[in-house]
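Biologist: Could you pull up the model so that we can talk through how its helices pack and where its pocket lies?
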Amino acid sequence: MVKYKPELKAQIVNEYLSTSQSTYVLSDKYQISRRRIAEWIQRYRLNGIDAFKPHRHKRTFTTDFKLSVIDYYQTHEDSMAEVAARFDVLPAQISVWCSQFERVGITALKPHPKGRLSKMKHTKK
């Protein structure tokens with residue numbers, strides 16, 4: 001997967017908004033897929049320039065946040081990509097949350113410990 005610098009994303013979005021060039025023209029000019037450019041434009045419109053800043057650490061989401069994303073997706077006519085852009089998460093993550101919620105219920109959305117259980121027996125001295 002190719003990662004693009006935030007400066008390039010901002011430049012392309014600015015060029016789209018300030019000129020009358022379409023995403024097709026920009027796609028040919030920068031050799032980036034039209035769909036990706038359209039996604040950047042949508043994210044910029046929803047979150048501003050902060051949409052392009054990289055996340056410094058792994059984010060964790062609360063159960064309430066996950067439920068609100070699922071509820072929004074199910075009650076609105078927006079596509080999964082639009083909902084993902086609105087809440088600043090990946091579309092695949094919304095899909096996983098929805099399927100887990102349908103299969104198991106709310107307990108699947110609650111945080112759980114990561115990794116293997118320790119094989120060491122800890123005894124108090």
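Modeller: What follows is a short talk about helix packing and then the pocket.
This is a predicted model, in which local features need pLDDT of at least 70 and side-chain atom pairs count only at pLDDT 80 or more, while totals for chains, interfaces and linings use all residues. Residues are numbered from 1 along each chain as its sequence is written, and side-chain values use heavy atoms, with hydrogens and water left out.

Biologist: At what angle do α1 and α3 cross?
Modeller: The axes of α1 (residues 6–18) and α3 (residues 34–47) cross at roughly 85° and come within 10 Å. Helices here are DSSP runs (H or I, at least four residues) numbered from the N terminus, and axes are lines fitted to C-alpha atoms over the stretch in contact, with angles running from 0 to 180 degrees between N-to-C directions. The crossing makes α1 roughly perpendicular to α3 (65 to 115 degrees; under 35 is roughly parallel, over 145 roughly antiparallel and the rest oblique).

Biologist: Which residues make that contact?
Modeller: Lys-9, Ile-12, Val-13, Tyr-16 and Leu-17 of α1 meet Ile-37, Trp-40, Ile-41, Arg-43, Tyr-44 and Arg-45 of α3, where contact means heavy atoms within 4.5 Å. By class, the contact of α1 with α3 has 8 nonpolar, no polar and 3 charged residues (Ala, Val, Leu, Ile, Met, Phe, Trp, Tyr, Cys and Pro count as nonpolar, Asp, Glu, Lys and Arg as charged, and the others, Gly among them, as polar).

Biologist: And how far apart are the axes of α3 and α5?
Modeller: Those axes are 8 Å apart, and the two helices pack at an angle of about 45°, so α3 and α5 are oblique to each other. Gln-42, Arg-43, Leu-46 and Asn-47 of α3 touch Ala-81, Glu-82, Ala-85 and Arg-86 of α5.

Biologist: Switching topic, how much space lies in the largest pocket?
Modeller: About 1,400 Å³, where a volume is the space filled by probe spheres set on grid points joined across faces, edges and corners. A pocket is an open set of points on a 1 Å grid over the protein atoms alone, where a 1.4 Å probe fits, with protein on both sides within 12 Å along at least five of seven lines, and lining residues have an atom within 4 Å of a point.

Biologist: What lines it, and which helix gives the most?
Modeller: The lining has 47 residues, of which His-55, Arg-59, Asp-88, Val-89 and Leu-90 lie nearest the pocket's centre. α3 gives the most, with 7 residues, and by class the lining has 21 nonpolar, 11 polar and 15 charged residues.
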